[in-house]
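The following paragraphs lead through the arrangement of the chains and then through the enclosed spaces.

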Number of protein chains: 2
Amino acid sequence: MTLDEAGPGSVRPGGRTARVRAAVLEAAGDLLAEHGFARLDLAEVAARAEVGKTTVYRRWRTPAGLTADLLVDMAEQSLSRADTGSLRGDLEANARLVAKTLTDPRQSRLFRAVIAAASFDEAAADALHRFYDARLTEWSPCVTDAIDRGEAPPGTDARAVLTAISGPLYYRLLASGDQIDDQAVRGAVEAAVNAAAAGIFVRTGT
Amino acid sequence: MTLDEAGPGSVRPGGRTARVRAAVLEAAGDLLAEHGFARLDLAEVAARAEVGKTTVYRRWRTPAGLTADLLVDMAEQSLSRADTGSLRGDLEANARLVAKTLTDPRQSRLFRAVIAAASFDEAAADALHRFYDARLTEWSPCVTDAIDRGEAPPGTDARAVLTAISGPLYYRLLASGDQIDDQAVRGAVEAAVNAAAAGIFVRTGT
């Protein structure tokens, strides 16, 4: 994996099965980034990964199954939450990580491909939602720690705060095509910090 | 078109060419919502629209060309900006319109399909960006009027304000799968109003 969200020097558990999976998922990620989900072909993945076709068909069965496993791996390899000591610092780290991913040529194409896959296929959609659930769960303590420090009121919805950061950046990638620049990052961070402090993301009982 | 964003009683200019286009684009929208872009087939569109196959191939050429024309039509048919007299009122109307579209079964599938199409095809991507550009341009006066009324400082970036509304709602549809509920709508509106008033979306010269 060349996934930017992967930590430096991350090492996979050894063994042939693990090596095969790593090679296949890297090839799948490359091909998704190059041609998108609609042209993802298991035989081509096997050839690119230098792994037997039968192995790939037996283990992953379909392009959607392979995409789902790639998303599991992306969630496992992705970076831990920041812990800078302030909500603004943590949310800025989060926004910069998301912006870096969405402006990286390979990564941005890969994310657009897996999001497209989710629009065609239920298994891919489930895997995509699990990937984002893992990311939102990993980063939620940034908000609960902020509540403990008095930076946001009790009951602040951590997922809503994190969605206020990622949302405008993903909208630029997927919808408007507007640039994901420093102004976009800082706007998202300041708006989210301000809203969290003002109690706007406190869950009400509905 | 059964597009929710279309105004009530909107009437197309007459003529056979216009009627053919209306029938073809409605069929294309239906098929995109049902099966997604990867399975969009011009012959199937022609059959569904009860229009000659040759006409469809000659006029739209490819699935991407047809999707692009559908997006032109969606932009033309979509609702005018709100003008409630306050920034909060206008942004709430915008957020409710977006949420209604993204939670409507046909519309949400259609939007996911055209966004997926944009990840495969440059022409579809251009058309998608033009669609969102038209929407952002239509609604931007809500923010410039708010500046005139003193609700936001001069230099406030209207597209950034509108992106702060749509972004978190689109992120729920396309990425996290979290519910687009009343809390999501109100959080996006209040966060954007707050940030605009605080001068967070003022463009700085970079």
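**Symmetry, domains and cavities**

In this predicted model, 100% of the interface residues of chain A are also interface residues in chain B, so the copies meet through the same surface; contact means heavy atoms within 4.5 Å. A turn of 180° with a shift of 0.0 Å along the axis lays chain A on chain B with an RMSD of 0.0 Å. The two copies are thus related as by a two-fold rotation axis. The superposition is by least squares on C-alpha atoms of residues with pLDDT of at least 70 in both copies.

Residues are numbered from 1 along each chain as its sequence is written, and chains are lettered from A in the order in which they are written. Because the model is predicted, local features need pLDDT of at least 70 and side-chain atom pairs count only at pLDDT 80 or more, whereas totals for chains, interfaces and linings use all residues.

Chain A is assigned domain 1 (3-61) and domain 2 (74-197), with bounds from an automatic or database assignment. Their centres, taken over C-alpha atoms, are separated by 26 Å.

The structure holds four cavities of 30 Å³ or more; a cavity is a set of points on a 1 Å grid over the protein atoms alone where a 1.4 Å probe fits but cannot get out, and its lining residues have an atom within 4 Å of a point. The largest has about 200 Å³ of space. Among its 17 lining residues, A:Tyr171, B:Asn94, B:Val98, B:Arg135 and B:Ser166 lie nearest its centre.

The second largest cavity, with about 170 Å³, is lined by 14 residues, of which A:Asn94, A:Val98, A:Arg135, A:Ser166 and B:Tyr171 lie nearest its centre.

Notes: Side-chain values use heavy atoms; hydrogens and water are left out. On a 1 Å grid over the protein atoms alone, a cavity is a set of points where a 1.4 Å probe fits but cannot get out, and a pocket is an open set with protein on both sides within 12 Å along at least five of seven lines; lining residues have an atom within 4 Å of a point. Grid points are joined across faces, edges and corners, and a volume is the space filled by probe spheres set on the points.
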